[in-house]
Amino acid sequence: MKEWNHKEWSKAKNTNKLAAYYLYTPMCGTCQLASKMLEVVVAAMPDLPIGKANLNYVQEIASLYEVESVPCLLITENGKLKEKVYAFHSVPYIYEKLKIVDV
């Protein structure tokens with residue numbers, strides 16, 4: 001996962017059907033575990049636009065999306081916030097959250 005700033009996130013969410021933005025802080029133990037889980041998901045979904053950011057450096061995102069805690073995964077669909085995930089239960093759980101379902 002590449003580090004994204006606010007501008008890169010805006011571009012990704014507005015130009016892709018589905019995009020995700022992982023927010024973390026370096027000293028958060030839960031974030032470290034969530035990062036490892038996401039790396040597995042990213043390897044399984046190489047075409048998914050997903051980036052990450054240390055929340056300390058993108059505080060405007062925290063305010064804009066009313067992020068309550070880290071780790072937090074923002075998932076957008078067609079440019080609009082679809083879901084905020086705070087509980088990273090398992091790799092399959094996150095994978096299912098990020099699958100594109102065409103109806």
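Accessible areas come from the Shrake-Rupley method with a 1.4 Å probe. On this basis the chain, taken from a predicted model, exposes about 6000 Å². Carbon and sulfur atoms supply 53% of that area. Of the 103 residues in the chain, 42% are buried.

The overall dimensions were examined next. The radius of gyration of the chain is 12 Å, which agrees with the value near 13 Å for a compact globule, because that is the radius such a globule would have with 103 residues. The C-alpha trace spans about 40 × 25 × 20 Å along its principal axes. When contacts between residues at least 6 apart in sequence are considered, 65% of them join residues at least 24 apart.

The secondary structure consists of 4 helices and 5 strands. In sequence order these elements follow the pattern β-α-β-α-β-α-β-β-α. Strands E4 (residues 72-77) and E5 (residues 80-85) run antiparallel and are joined by 5 bridges. One pairing places leucine 73 opposite valine 85 in E5, as its bridge partner. The two strands form a hairpin with 2 residues between them. In the turn of this hairpin, asparagine 78 has a positive phi of about 55 degrees.

Asparagine 78 also appears among the contacts of lysine 13. Lysine 13 is located in helix H1, which covers residues 6-15. With neighbours within four places in sequence set aside, lysine 13 is in contact with Ala19, Tyr65, Thr76, Asn78 and Gly79. Thr76 falls within the range of strand E4, residues 72-77. Lysine 13 is buried, yet no salt bridge is found for this residue. The nearest side chain of opposite charge belongs to glutamate 60, at a distance of 12 Å. A salt bridge requires a side-chain nitrogen of Lys or Arg within 4 Å of a carboxyl oxygen of Asp or Glu.

Glutamate 60 also serves as a reference point for leucine 48. The C-alpha atoms of leucine 48 and glutamate 60 are separated by 24 Å, with the two residues 12 apart along the chain. Leucine 48 lies in the loop between helix H2 (29-44) and strand E3 (50-54). Its relative accessibility is 13%, and leucine 48 therefore counts as buried, the cut-off being under 20%. Not counting residues up to four places away in sequence, leucine 48 touches Leu18 and Leu98.

Note on methods: Residues numbered from 1 in each chain as written. Predicted model: local features only at pLDDT ≥ 70, side-chain atom pairs only at ≥ 80, totals over all residues. Heavy atoms only, no water. Buried < 20%, exposed > 50% of the residue type's maximum accessible area, 1.4 Å probe, protein only. Lys, Arg positive; Asp, Glu negative; His and termini not counted. Contact = heavy atoms within 4.5 Å. Pairing = 2+ DSSP bridges. Rg over C-alpha atoms; globule rule 2.2 N^0.38 Å.
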